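Me: Please take a close look at the helix packing in this model, and set it against the rest of the chain. I would like one connected account, with the cut-offs behind each term stated as you go.

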Amino acid sequence: MTKRHGYALLAAVFAMIVAISGAIYVGVAADDGTGGTRNATADNRAPRDSAAPASAGTWVGTWSASPAGAEPGTETNGTAGRSLRNVVHTAVGGTEARITLSNLYGQQPLNITHASIAVAAAENDAAAVADTMRRLTFSGSTTVTVPAGAQIMSDAVRVRIPRDSDVLVTTYSPTPSGPVTYHPHARQISYAAQGDRTEDLTATAYTEQTPHWRYLTALDVLSDESVGTVVALGDSITDGITSTEGANHRWTDVLADRLRAAAGTGDVPRYSVVNQGISGNQVLAEGLGRPADNPSGLNRLERDVLGRTNVKAVVIDLGVNDILRNQGQVDPVTVTDGLREMVRRAHARGLRVVGATLMPFGGHRGYSRSRDAVRRAVNAEIRAGKVYDAVVDFDKALRDPYDPRRLRADYDSGDHLHPSDKGYERMAEVFELGDLKGAAPAEL
């Protein structure tokens, strides 16, 4: 069998998996900057505080998070009778905004009767800047029902969203709607309040704190700073699981800062960066359930990359968990073939693909010589240019030069797998920013 025929067979198998999961997950269609498909129902009441969009610019993603599962303890009532105030951090600014809410893991309709967006008065705070508070609408209505397994994009609302700032997105549901679709490792504190406190400017009622993002999966802006979106697809290292909470020290945050600072100089593109990391994520395997908790990278590529707004490039950092979470030694070809299939699908949509080498995990409880041999074999294929359009060598940048099986001590969070804040910063520093720009080849 030729390499091309082998890839074709692999593609057919993976396509069948995605087709099955796609039938379950009804979502927003890929957005070209003009809007998205809304899979929900709304009443016809007129909005109170909305303003007709009139600004010029390009729609891009400024923040996102992957729905990763159903929040434990919310199976029966969801968050009925409570206002959820998600705190998210922007990569770029804009003059209008819209959000996406997901009920992917819900087992009954999610009834949202009130939603709002505002700029936070301070970092890590539930209080809002008064003149930025806006009521959100969905197809012109303030009320929307999101069916189980579906998602909904709001209408655009005119509001100045600053770059590198915290934004508050608040929803209120009066009826049971469990379980709650959530992203568990936010590294950001969000809030909840009893009753409908959606448009409260103060934080007084928001006495409950949570380390999760609930329902909210994307914030887009009509930007005059950016012309496209870079999606980072990865596992807990991309999720920033050991970074300082509330400090925005994930490598994707630092990369966004670098792109903003250098935008328009040389070959550096004017792109935003959004994070689609899920802790424990693998290229091939996924969790239990239907839809699956923690879906594989191959399974969620359509939803989390190709379905994001105005995507120009994707950075893939996956494969470590395929090695660590399998009892037997994984064949490195299995991992690299899965990565190549992801690249093939991204190329079919015209996306540039930058891939990361896998960092060492010597000293971690899952380390073994055989597993490290698989990691090194995968990295050899990546460095040889046989997987991605361009390579960012995280392994070389963060490994201990005296013991390349391990992370350098000051780059290690202490668990010998995930980086420290300094390590995450180093990951972003080694990017060649110009590698994110360029057309996808017709065939790798």
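Reply: The chain's secondary structure consists of nine helices and 24 strands, where helices (H or I, at least four residues) and strands (E, at least two) are DSSP runs numbered from the N terminus. The model is predicted, so that local features need pLDDT of at least 70 and side-chain atom pairs count only at pLDDT 80 or more, while totals for chains, interfaces and linings use all residues. Residues are numbered from 1 along each chain as its sequence is written, and side-chain values use heavy atoms, with hydrogens and water left out.

Of the 444 residues in the chain, 57% are buried; buried means under 20% relative accessible area, exposed over 50%, and partly exposed in between (1.4 Å probe, protein chains only). Taking contact as heavy atoms within 4.5 Å, 82% of the contacts between residues at least 6 apart in sequence join residues at least 24 apart.

For the packing itself, helix α6 (residues 332-348) is a convenient starting point, as α4 and α7 can both be described from it. The axes of α6 and helix α4 (residues 297-306) come within 10 Å and cross at roughly 30°, the axes being lines fitted to C-alpha atoms, for helices over the stretch in contact, with angles running from 0 to 180 degrees between N-to-C directions. The two helices α4 and α6 are therefore roughly parallel to each other, given that angles under 35 degrees count as roughly parallel, over 145 as roughly antiparallel, 65 to 115 as roughly perpendicular and the rest as oblique. Their crossing is right-handed, meaning that the near helix is turned clockwise from the far one by less than a right angle, whereas an anticlockwise turn would be left-handed. In this pair, Gly297, Leu298, Leu301 and Leu306 of α4 meet Gly338, Glu341, Met342, Arg345 and Ala346 of α6. Sorted by class, the residues of this contact are five nonpolar, two polar and two charged; Ala, Val, Leu, Ile, Met, Phe, Trp, Tyr, Cys and Pro count as nonpolar, Asp, Glu, Lys and Arg as charged, and the others, Gly among them, as polar.

With helix α7 (residues 369-383), the axis of α6 comes within 9 Å, at a crossing of roughly 40°, and α6 and α7 are therefore oblique to each other. This crossing, too, is right-handed. Pro332, Val335, Thr336 and Arg340 in α6 meet Val374, Ala377, Val378 and Glu381 in α7, a contact that divides into five nonpolar, one polar and two charged residues.

A third pair is formed by helix α3 (residues 251-262) and helix α9 (residues 421-429), which pack at an angle of about 45° with their axes 8 Å apart. That angle makes α3 oblique to α9, and the crossing is right-handed. From α3, Trp251, Val254, Leu255 and Arg258 meet Tyr424, Glu425, Met427, Ala428 and Glu429 of α9; by class, this contact has six nonpolar, no polar and three charged residues.

Around α4 and α6, Leu233 shows how a strand is connected to the helices. This residue lies in strand β18 (residues 228-234) and, at 0% relative accessibility, counts as buried. Leaving aside neighbours within four places in sequence, the contacts of Leu233 include Gly297, Leu301 and Met342, residues that also take part in the meeting of α4 and α6. Asp317 is another contact of Leu233, and the two are 84 residues apart in sequence but 6.3 Å apart in space, C-alpha to C-alpha.

The loops on either side of α4 have features of their own. Pro291 is found in the loop between β19 (271-277) and α4, and the peptide bond from Arg290 to Pro291 is cis, with omega near 0°. Asn310, in the loop between α4 and β20 (311-317), has a positive phi of about 55° although it is not a glycine, and with a relative accessible area of 12% it is buried.

Elsewhere in the chain, the largest nonpolar core has 33 residues, of which Ile99, Leu101, Ile117, Ile161 and Leu219 touch the most other members. Such a core is a set of buried Ala, Val, Leu, Ile, Met, Phe, Trp, Tyr and Cys residues joined through side-chain atoms within 4.5 Å. Apart from neighbours within four places in sequence, Ile161 has contacts that include Ile117, Val119, Val167 and Val221.
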